[in-house]
Each structure stands twice: as structure tokens, then as C-alpha cells.
Amino acid sequence: MRSGARKVDDFRYLDWNLYGRLDRLFLKLYEEERELPVTVFLDASESMTFGEPRKFDFARQVTAAVGYVALCGFDRVSVVTFPDLSQEPTNESELKTRSQELAARGALRSVRGRKSALQFFQNINHLTACGAAAFNEALRRGALQARQAGVAVVLSDFLDPAGYETGLTALVGRGFQVNAVQILAPDELAPATYGDLRLIDSETGAQQEVTFGKYRLNAYKQTVQNFCQRLREYCSSRGMHFFMAGSNTPLEELLLKQLREAEVWG
Amino acid sequence: MRLLAPAALWFAAAIPVVILFYLLKRKRVVRLVSSTLLWQKFLAETQASAPFQRLRHNWLLILQLLMLVLAIFALARPYFSGRLAGGNLQVLILDASASMQCTDETPSRFEKARAEALKLVNSLRDTDRMVVLLAAAVTEVKQSETSEKSLLRRAIESCRVTDSPTRLVEALKMAESLTRDKTGAEVHLFSDGAAPGLSEIENKGLPLVYHLVGQRANNLGIVSLDVRPNPEDPSRRAVFTSVANSSPDEQKTEIELRFDDQLLETKSITIPATNTTPVVFLAAQPRDGVFSVRITAQDDLAADNQASIVSVLPQPAKVLLVTHGNRLLEKALKAAGKVELSVASDVTESKPNFDLVVLDDVTPAVWPRLNTLAIHSMNTNWFSSVGSVEGPAIVDWKSTHPLLRFVGFDNVAIMKSLVVKTPARFRRARKQLAVPHFISHLHRQRGRLAEPGVGSSQPASGQGGRAVSSGAQRANQIGGSDVSGRHQARARPRPERAGTGVWRHGEAGRLSPRPRHEPDGLLRGPA
């Protein structure tokens, strides 16, 4: 803001409020944007450790990218990692690792400034994935704890048996602009293991017997497509953006193409 | 196409059982996945067809189901109805004679014939029918007319070669009756061709297909064997045998004579091609026993290289002379040798152990049930005298009769003879010129020789008379003939089949037909 208006200045840039209070003309040279809270809900459940490359690694890369862009834009970045760490450490090394992760999770709750980017990356690197997701509970609690609604980026595989509707609805109800990114492993999109299988769920321990062969691959793909389509429709109906990515998808494809096309960022 | 046994389709109920086994026997691979959520949704969407989709692309299951379906289909016995010509009748004759044991084929002629017969069975069409005949001493129908190959094979497998000769004519006549008026019928004969009497079926138009087995006739065989007292030395025995050579080459061999497995003598003989050589051994016989002859040459048929015969020592003849006193006759009987002579003046039934009773001018009240020679015993009701004749000439006599075997009438002159009329049951032993006859009567049941007496008579009209033989002449000869007769009777169960009592080595007690030499040089029994 520059004081003292000149004849060539546009009247539209005069700050008339200040003129009323101070009786001096002030010319507005720029507009200061308000701080935009960017909250990243990062799924760190056991199911995210599968895939080649791992889904959790891909999710951390996206988190780092989104966070870095936000930090560069002077926005406040908050990374909510769920589920909480519940497993007690059994030895010294686990205690140290757990302490580092707890510290990292705490530090990631609120990050500001471009200079914090390096620390931000390091903290993301300390995150690990384990336990059952409790997706809805985590998002609902995150929505309640947020002091200010902003942009929410949900990174998960959305494979919680309890569903995802409650959690996403809570974020939308809190006023978040929700961007749901579903990350699936290549083996989940098109399994390469055939035969008579007894499948064990990594999070719940549930068993499922299935006889699978190439002749049923298309039917399986159709099932996955139907699942994703329902999630997409759910998001669209509530004003949320939905993105679908395999863990082997190039990062640029998601960040520079899909997110930009959806105008998540400019 | 139709089914003969459609009820067999019920076996199709076994198909779900096979599928069930495949559903139950699966071994699943345990695999940890991120989440089973997608799989649950996948199974929920495809649940309707899931049980059957589990079985897709299971080639083992498909093959097993295919085999099961084919088996059920076969049990249902499908057939096509159409016009087909009826099958032909084939009559298979398998020669099972002793010559089929020859080893010139591998392993033997009979096995070779059996193998070729089985090949013939395998080549039969389904509609063809076959009869299997086994031709040995008796033709046996091993399998009646059938088209079942398994039955035919079983029948052929059950055939066994024998030691007997073959009556192929009988088998061929049976085959002819089976194939008569049947078009397309064939008679397949598997034989080595060593069969007599085939000329009987020549020009009969028999549809005969001859399968020859046998490559050569390399055989030496003993074709006859007999034991008799040595005429020059009664203490020794003469063993007469003959060896036949059926091969086209001259053969040399050694022939051994054994008595109860003890080697007595060995001779080297040379037998011309396709010829028979007689061999005579002279050997002492200390006791009753078995003489065996064996040729040592190796040939294709070993069954005829050895033969045995039982020889029994002659026993003294017990003769009862019933006379009122005839020293000349006593001396004549004693001179015969090996005769235990008893003299009596009357005949009683209490002396049954005599081999011969000689009645000299005695007419018994009851005729003894023994061999009897009656001299000058006129008073019998057997004959009715019709006259007498002076000096009749003897023109013929039955030299083959056991009693007259060694008797000659060349130097016998008859001064006067009765002419009698003989009953019809009598058999004429001698024939005289100019009506008068001698009669020797052999009673068939009682076996006695009777002489009513010597006298003069005229021939009777009609049947003609039969005269009685000269007692003196008979008495002079009876010793030798009787001894010989006893031996013959013991060595040969049936005197009328004299010379047939040949026992093979190792088969003592079993009477086998005497082998004889056939035109092809192979050993054969009497046809």
C-alpha cells in the first residue's frame, strides 16, 4: 500500500476506509490473501502397505507434493494420519521409532512456511502404516478438530469394511472442500494370482475362499470399476472431487494433470 | 442310432458324483491380501454361477467326464439299424496229434498253430461266426458257433496237444456238415498234414483253407515193439522192434535195449531215407518185467524215441488127461515141454485149476468148464452124424486162430472121417476138399475145444458137414501153441488185437495204441 495518490492512479485502488479514518489517500497496490488451511488425511492403515510400489509410499509422495505446494503458497498444512498408533513398543528400537513417529505426527498437525518444507518432508518420511483404518471415525474427528475449514485431501484406498460415507459427509458438513484420492495397488486392480485361494484380510483377519482364474479376471475388474464408480458418484453428488490412481501411476500424472484439470490448484 | 440297453443311461447319475469330488477335494492356497472387501463384492456379484465357474478349464475333470459319458454310452449298447450282410461261418480245426509236438517250429508246431489260430480269431469281423474243433483221436467241439471273440480265444487257449493220432477225416466231415449249403463259409485247418485217409474227403468241394505248420520231417521213431520166446532158445526172449526214418536223409543212431532200466544191449543202426529198419534183440529174462528200447538220436519229436513192453515169463501149462489108459498120449503131452500133466480116469468139477482137459475116449456126464480137447468122445448131442468119408484131403485151416497159430496140416493124412451136421453157432476152422470137413469147435463162451470123434460119414445136404480135427496131430502141437497163447494173453489184454500192447516209457499200466510209420515218416497210432 502506497500513501499519496497521483493523478495517474486509478480511483478504484484507493482505500476509502483509511481515507475516512485518517483523512489521507492510500492506494492499494496488492491484495493480501487469507491463509488457506490445507488438511491432508493420510490413511496409514495396514492395507496401505500392500502393492508394488506400496500404496502408502505413493500416498506419502502425494502428501509431500500437496504440502509443499501449500507451504509455498503460505498456507497452513495439516497432515492427519490415521489410525492412531495403538501398538505398544516391545523393545528399545521400536520405542525409538515410535517416539520419532509420534513426534512426526505431532509436528505434521500444523506446518507453515516454505522454510519448513524440509522438516515437513522428513516428518513424512518417519510415518509408518499399521493397524485397522477406522476411516469414518478418523475423518469425523478430523472435521471436528479443525478450527477452520479449508481444503481437505483424503488419501486412502477406501477399502474399509465400515464404508467411507460417514467420514466424507462429516468433512463436507464442516465446510471442507474435499478432494478424495483413491489409491489402489496394481494387484488389486488386476490380480495375477489364480487358483483356489483362501484370502486373509490384513486388517481384520477375515478369511475369504475364492477360486479365481483368468476367465474371471474381467468380472473382477468390473467389480472394482463398480466400486470406484459408486465412490465417484458419491463424491460428485456432494461436491467433492474424486481422483483414482494406482500406486504405480506416475506422480506427475496425478498432480499435474488430474488435480490441475480439477482446479484443485492453479 | 438306437440303444439296446437304454437302462444303462441311469449310470449317468454318477456324473454329479465326479463333479462333487472335484468340488470337495480342493486345496486352497492361503494368501494375505490388503482387504477382502473387493473380493466379497466380486463373489456377491458372481455368486449365481460361481459353483460351476469353479470347474471351468479343469481339463482333468473334462477328460474324466468324457470317459464316464463314453462308458455309459457303451453300456447302453448303441447300434445302427441298417442292411448288412450276415457274417460268414468259419470252422477252425486244430490238429492235436502227437506229431504236433515236433519242435521244428518254435516252441512247437501246436503252439505255432495256436498262435496263428488266435490271429485268425482277431481278424474276424463282428458279424462272422466261428466253430472251433480239436482234432485228435476223437474230434472234440471246443466251441460251438459263436461270434464272441473272447469265447473263441478261451476255447483255443484251452486246447492241449495229445499223444494220440489224428482222425482229420472225422473232423473234416464234421466241418463239411457244418458248412454245407452256407455261402461264404470256410474251413481253416491248422495241421502238419500227417494224417491218414485224407483221400476220403477228396473232391468233396470243401472250402478248405490249409494253414501248414511244420518245416521238416526230421524224426526217427520206434514204430513197433514185440516180445516173443526165442524159438531157438526158449530160455531167452526175442525183442522185435523197428525204427522208422521219416527224413529225406539216411540216419544213423544207436538203439538201446533195457530190462527194468538196466541196459542190456546197444546196437548201431543205419536207416535209409524214408524207410523202416527192423531190429531184433535176444536177451535173457530172469523175471517178469518191462523191456524198453530207446534210440539216442536227437530229432524233432522225442515222444517216439522210446517204447516199452511188459513181458511175462511163460508158466507151465496144467493139463489134465482123462483116460482109461493111453500111454502114447501121455508121452505126447509130456513131450511138449513145460507141461504139468495129471492123469485121471474121470472128470470132476473139483479140479478147476487146469488150463486144459484132454478127454480120451471118455464121455463125461458133465462137461468141464475148462478148455477141453475131446478125443473119441462120440456120444454127444452136439452133432448129428450123417455119414462117413474115406481119406479126405485138408485144403485150408484158420492159421490165424490162436489155437492153430503154430499148427500145420501139410503132412497130415486122414484115413476116414465122419460127416456131421454142425449147429449154426459153430465156426469152421478147416476146410476139406470133396465135401468132408474137419471141425474144430471153439465155444465162444466156455472156450473149449471139442472133438466128437473120428469116423466115417457122408456129407450132409445143405449146410455141409464139419469134421473134427485129428487128436494126435493137435496133441503134438498143443504144447507150443498153448505156451505161446498164455504169453500172448498176458502181454496183450485182447488176443484178437495181438501185437498192440506197447507201453511207453514212464507210462506203465496205460495202454497206448501201437505207433506205426506213416507216409510222411511221423509216428502214428492205428487209425
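Hi everyone. Let me start where the two chains meet: between chain A and chain B there are 2 salt bridges. One pairs the side chains of A:Asp187 and B:Arg31, with N and O 3.5 Å apart. Please keep in mind that this is a predicted model.

So how much do chain A and chain B bury between them? The figure is about 3000 Å², and 62% of it lies on carbon and sulfur atoms. Which three residues supply more of the area that chain A buries against chain B than any other three? They are A:Asp196, A:Tyr215 and A:Arg216, which together supply 21% of chain A's share. As for who takes part, chain A brings 34 residues to the contact and chain B brings 25 residues.

Now let's walk into chain B. Chain B has 527 residues, and 46% of them count as buried. In terms of secondary structure, you'll find 9 helices and 27 strands in chain B. Its accessible surface is about 27500 Å², with 54% belonging to carbon and sulfur atoms. If you take the contacts in chain B between residues at least 6 apart in sequence, 67% of them join residues at least 24 apart.

Let me show you one sheet in chain B. It is an open sheet of 4 strands, in the order E17-E16-E18-E19, and the pairing is parallel. Which strands stand at the edges? Those are E17, residues 339-344, and E19, residues 372-375; each has a single partner strand, so one side of each is left without a neighbour in the sheet. From one strand to the next, the twist averages 15 degrees.

If you'd like a place to look within that sheet, try E16 of chain B, residues 317-323, which runs parallel to E17(B) and is joined to it by 6 bridges. B:Val322 is a handy landmark there, standing opposite B:Ala344 in E17(B). Then there is a helix to add to the picture: H8 of chain B, residues 327-334, lies across E16, E17, E18 and E19 of chain B. H8 runs at about 160 degrees to E17(B).

Next, a different corner of chain B, with antiparallel pairing. Strand E11, residues 251-259, pairs with strand E12, residues 262-271, over 9 bridges in the antiparallel sense. The two form a hairpin with 2 residues between them. In that turn, B:Asp260 has a positive phi of about 50 degrees. Further along the pairing, B:Lys252 stands opposite B:Thr270 in E12(B).

E11(B) has another antiparallel partner, E14 of chain B, residues 289-295, and 5 bridges join them. Here B:Arg258 stands opposite B:Ser292 in E14(B). What else links E11 and E14 of chain B? A salt bridge between B:Glu256 and B:Arg294, whose closest N and O atoms are 3.2 Å apart. The pair links distant parts of the chain, with B:Glu256 in E11, B:Arg294 in E14, and their positions 38 residues apart. Is B:Glu256 buried or exposed? B:Glu256 is buried, at a relative accessible area of 10%, while B:Arg294 is partly exposed at 29%.

While we're on salt bridges, a search of the whole structure finds 23 over all chains. Another one in chain B joins B:Glu145 and B:Arg129, with the closest N and O atoms 2.2 Å apart. B:Glu145 sits in strand E6, residues 139-146, and B:Arg129 in strand E5, residues 129-135, so the pair ties together parts that are 16 residues apart in sequence. B:Glu145 counts as partly exposed, at 34% relative accessibility, and B:Arg129 counts as partly exposed too, at 26%.

Let me finish over in chain A. There, the side chains of A:Glu137 and A:Arg140 meet in a salt bridge, N to O at 2.9 Å. How far apart are A:Glu137 and A:Arg140 in helix H5? They are 3 residues apart in H5, which covers residues 135-145 of chain A, so about one helical turn separates them. A:Glu137 is partly exposed at 37% relative accessibility, and A:Arg140 is partly exposed at 36%. And one last stop: A:Arg54, A:Asp57 and A:Arg60 are linked in a network of salt bridges.

Thanks for listening, and I'm happy to turn the structure around with anyone afterwards.

Methods: Residues are numbered from 1 along each chain as its sequence is written. Chains are lettered from A and ligands numbered from 1 in the order in which they are written. This is a predicted model: local features need pLDDT of at least 70, side-chain atom pairs count only at pLDDT 80 or more; totals for chains, interfaces and linings use all residues. Side-chain values use heavy atoms; hydrogens and water are left out. Two strands pair if DSSP finds at least two bridges between them. Axes are lines fitted to C-alpha atoms, for helices over the stretch in contact, and angles run from 0 to 180 degrees between N-to-C directions. Contact means heavy atoms within 4.5 Å. Buried means under 20% relative accessible area, exposed over 50%, partly exposed in between (1.4 Å probe, protein chains only). Accessible areas come from the Shrake-Rupley method with a 1.4 Å probe; for residues, only the protein chains shown count as cover. Buried area is the accessible area (1.4 Å probe) that two parts lose on being put together, summed over both. A salt bridge is a side-chain nitrogen of Lys or Arg within 4 Å of a carboxyl oxygen of Asp or Glu.
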